[in-house]
Amino acid sequence: MSEKYKILSEKIQKIADIENAAALLNWDQEVFMPEKGGQFRARQLSTLSGIAHDMFTDTEIGNLLDELNNEQKLSFKEQRNIAELKRDFERRGKYTRAFVEDMSQAISKSFMAWQKAKKENNFKLFAPELSKLVELKKQEAEIVGYEDQAYDALLEDYEPGLTVKDLDKLFGDVRGELVDFVAKIFAAQQNDESFMYKHFPKDKQWDYGIYILREMGYDFDAGRQDVSSHPFTTNFSASDVRVTTRVDEKNLSEMLWSCIHEGGHALYEQGLPNEEYGMPAGSAISLGIHESQSRIWENNIGRGLPFWKAYYKSIQAFFPEQLDKVSVEDFYKAMNIVKPSLIRTNADELSYHFHILIRYEVEKALIAGDIKTEELPEYWNSKYKEYLKIDVPSDSEGVLQDIHWSHGSFGYFPTYSIGSFYAAQFYAQMKKDIPSLEDELSNGNPKVALKWLRDNVHQYGMQYSAEDLCVKLTGEKLNFKYFMDYAKEKYNGIYNL
Ligand code: ZN
């Protein structure tokens, strides 16, 4: 390792220290902070992110990156670290401090307005703040720059390299194939899921969630689980990766699959190489790849029959009154009910993508200036009628349901679908590489899946881009066909189509 590379790494790792300290304050805010702490917490977080921004955009870092970029003797990993840092440096350097502050203020106001608007079911309370935020996001796209569409510049923040062109093709496939397939399921005889909504005591659910996380291979010596209103995963290094969950005593699914989902995110973070702390090679690739790691556990494994052949006895032992008379096959069918829904986070794994498709179409139209903010509710409701055949009874359950826009996150939603599609493609490859995979899962050995993910995804961090990793692993770029094949094989069986 050259002297310059060492100097740069030390600087980058110090910035990571500041950012991870901020992440810990954020975690505390969601999990433990008393209500009155909010005002000063916002200030503390803003100070820390300002310090990190100044440290990262320092000319000395720019000079080191330029010099190292021309150095011949770097290893592949070092080259990739430099390339990723340079990309980040150039992007962040384009923002003036004034713009960053304007954006941060607009987000704070917009978030408060959204909370009130959602609570009071009154979109008009949110519309003016949202309009300002959309204008700022358009400005941001101009600042950052793009080749084809302004929306591409926003996507770049979450899924580097992903463009409107790619997404139009992908969601064109969703419209062309998934919509018809799901319509057939909507029309089919529905399975019983009533036992999922019996009374499931909170503490027992909690203990079962912990048990399942351990079985997946989550390391509680390098993490912990707490309760929060929206489940999430956060990390301060690969040795401290925390998850949260929520428990609804009248709905077993809520806790169970949120634990498995966040567990999947956490296993990825715990599997990143500690020796690359703070560097791209020690960080997750993109939101899409992160989501592939949660979805592969939640859906491909955790909503699969093989997995429950192994674990059904254990969940029956936790909840004998509720599940004793239910067979594993019926439990499997109940966890895979497909039906139209209003709320994205409660949707099944198939119609979920209609929710994302709708948000994608709405965001694209907003950023391109094709619709005005005031027209959003009507536009939204017409899309729900078109794709999910349902009427939206209130804006709180419609256009106001998600937090993302109030945070200024435009271009984020598509990564949820991308993640599921990557998951299906990776799972198909995993089955090819491990012919006995589903037998292993049936025998209570999900750690074979973890080992495959560690070897093929986690250990590399950002050494490969999302697309390169996908090609390296599966021999081709992201291909929607794998998701459709998975969906057809699974749901034709469940619904006797
Ligand atoms: Zn997730």
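**Zinc site, cysteines and aromatic contacts**

In the predicted model, the zinc ion is held by three protein donors: His261 through NE2, His265 through NE2 and Glu291 through OE. These atoms lie 2.1 to 2.3 Å from the zinc ion. Along the sequence, the donor residues follow the spacing H-x3-H-x25-E. Distant parts of the chain are thereby linked. His261 belongs to helix α10 (residues 252–270), and Glu291 to helix α11 (residues 287–301). The two residues are 30 residues apart.

Two of the donor residues were examined for accessibility. His261 has a relative accessible area of 11% and is therefore buried, the cut-off being under 20%. Glu291 is also buried, because its relative accessibility is 6%.

The model contains zero disulfides. Two cysteines may be described individually. Cys259 counts as buried because its relative accessibility is 2%. Cys470 has a relative accessible area of 0%, so Cys470 is buried as well.

Aromatic pairs number 34 in the structure. One cluster is built from ring pairs that link Phe200, Tyr208, Tyr211, Trp257, Phe307, Trp308, Tyr311, Tyr312, Phe318, Phe319 and Phe331. Of these cluster members, Trp257 falls within the residue range of helix α10, 252–270, the helix that carries the zinc donor His261.

Charged side chains also sit over aromatic rings. Arg92 lies over the face of Phe56, 4.3 Å from the ring centre. Arg359 places its charged end over the ring of Phe413, at 5.4 Å from the centre of that ring.

Key. Residues numbered from 1 in each chain as written. Predicted model: local features only at pLDDT ≥ 70, side-chain atom pairs only at ≥ 80, totals over all residues. Heavy atoms only, no water. Disulfide = S-S within 2.5 Å. Buried < 20%, exposed > 50% of the residue type's maximum accessible area, 1.4 Å probe, protein only. Donors = N, O, S within 2.8 Å, 3.2 Å for Na, K, Ca; no water. Helix = DSSP H or I, 4+ residues; strand = E, 2+ residues; numbered from the N terminus. Phe/Tyr/Trp six-rings, centres within 6.5 Å; stacked < 30°, edge-to-face > 60°. Lys NZ or Arg CZ within 6 Å of the ring centre and 35° of its normal.
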